[in-house]
Structures are given as C-alpha cells and as structure tokens.
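Okay, thanks for having me, everyone. I'd like to walk you through a structure you haven't seen before, so let's get it up on the screen.

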Amino acid sequence: MHYHRGVGQVYIVFITKYNLLYDIIVIDKGNEEGLLKLLKIESPAIPEADRLNLLFEDDECLNKIECNTPYAYCLYPEIKIINRKKVDIKPSK
C-alpha cells in the first residue's frame with residue numbers, strides 16, 4: 001500500500017457478512033482539521049457508513065473527534081488501533 005501526501009482523504013469501503021458498511025478514511029497531516037470538521041457536522045462529503053476506521057499519522061487528533069458513527073482511531077503506516085468507540089460486532093435486529 002502506498003500513501004501519497006497532499007491527496008486529501010482516501011476512502012476505502014467494504015461490507016461485512018453482517019451487512020455492515022465500513023469506511024476506512026486515511027488522512028494525511030495537512031488535512032486533519034478538515035476531516036474533523038466534516039465528521040462533526042456529519043457532512044455528506046463523508047460517505048454514510050455503519051462504522052468508520054480513521055487512520056491518522058499520529059495521535060494528536062485522538063481527543064478532538066466528534067462523531068456519532070462508531071469509529072476506530074488508527075495510526076499509519078503501521079495500522080495500529082489506539083482507540084475505538086465500543087460497538088457490537090453484529091447489528092441489533
């Protein structure tokens with residue numbers, strides 16, 4: 001996997017066997033504040049998903065996220081999960 005700085009957000013979407021839609025958003029250092037604003041206002045620019053995996057270069061934004069969608073805060077390039085909102089793996093019926 002290669003990362004290109006300055007491209008903005010990179011979205012990767014997949015669906016689980018439980019029909020949950022997961023979005024992976026990779027953000028570079030220069031665009032973090034923009035993503036935080038989009039998450040806070042629930043912008044249509046962020047694709048609708050059941051869960052988010054947010055990949056940042058460091059943990060500086062860890063306590064700045066305001067988001068109603070369950071998410072995992074990850075660091076890249078090692079893809080290390082450092083915090084996650086608690087959620088059930090299976091959707092409730």
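Let me start with a question: in which sense do strand 2 and strand 3 pair, and over how many bridges? Strand 2, residues 21-26, pairs with strand 3 in the parallel sense, and the pairing covers five bridges. When I say two strands pair, I mean that DSSP finds at least two bridges between them.

Before going on, a bit of housekeeping. This is a predicted model, so local features need pLDDT of at least 70 and side-chain atom pairs count only at pLDDT 80 or more, while totals for chains, interfaces and linings use all residues. Residues are numbered from 1 along each chain as its sequence is written, and side-chain values use heavy atoms, with hydrogens and water left out.

So, the overall layout. The protein chain has one helix and five strands, and along the sequence they come in the pattern β-β-α-β-β-β. Helices and strands here are DSSP runs, H or I over at least four residues for a helix and E over at least two for a strand, numbered from the N terminus.

Now back to the pairing. Within strands 2 and 3, aspartate 23 sits opposite leucine 52. Add helix 1 and you get a unit: strand 2, helix 1 and strand 3 form a right-handed β-α-β. Right-handed means that, with the strands pointing away from the viewer, the path from the first strand over the helix to the second runs clockwise.

On to the next neighbour. Strand 3 also runs parallel to strand 4, joined to it by five bridges, and there phenylalanine 56 stands opposite leucine 75. With strand 5, residues 80-84, the sense changes: strand 4 pairs with it in the antiparallel sense, over four bridges. In that pair, cysteine 74 faces isoleucine 81.

Have a look at strand 3 itself. Why do I call it largely enclosed by the rest of the structure? Because six of its six residues are buried. Buried is under 20% relative accessible area, exposed is over 50%, and partly exposed is in between, using a 1.4 Å probe and protein chains only. Arg51, Asn53 and Leu55 point one way from strand 3, Leu52, Leu54 and Phe56 point the other way, and all of them are buried. For the whole chain, 37% of the 93 residues count as buried.

That brings me to the cores. As a general point, nonpolar side chains in soluble globular proteins tend to be buried together. I'm calling something a nonpolar core when buried Ala, Val, Leu, Ile, Met, Phe, Trp, Tyr and Cys residues are joined through side-chain atoms within 4.5 Å. The largest one here has 17 residues, and those with the most contacts inside it are Leu35, Leu39, Leu52, Leu54, Phe56, Ile65 and Tyr73. Helix 1 (32-40), strand 3 (51-56) and strand 4 (71-75) each give at least two residues to this core. There's also a second, separate core of six residues, including Ile24, Val26, Ala72 and Tyr76.

Tyrosine 73 is worth a click. Setting aside neighbours within four places in sequence, its contacts (heavy atoms within 4.5 Å) include Leu54, Phe56, Cys61, Ile65 and Ile82.

What about the cysteines? Cysteine 61 is buried at 1% relative accessible area, and cysteine 74 is buried too, at 4%. Counting a disulfide as a pair of cysteine sulfur atoms within 2.5 Å, the total comes to zero.

Last stop, the loops. Between strand 4 and strand 5 you'll find proline 77, and the peptide bond leading into it from tyrosine 76 is cis, with omega near 20°. Isoleucine 79 is in the loop between strands 4 and 5 as well. Its phi is positive, near 55°, and it isn't a glycine; at 44% relative accessibility, isoleucine 79 counts as partly exposed.

Over in the loop between strand 1 (10-15) and strand 2 is asparagine 19. Is asparagine 19 buried or exposed? Exposed, with a relative accessible area of 60%. Asparagine 19 also has a positive phi, about 65°, although it is not a glycine.

That's my tour, thanks for listening.
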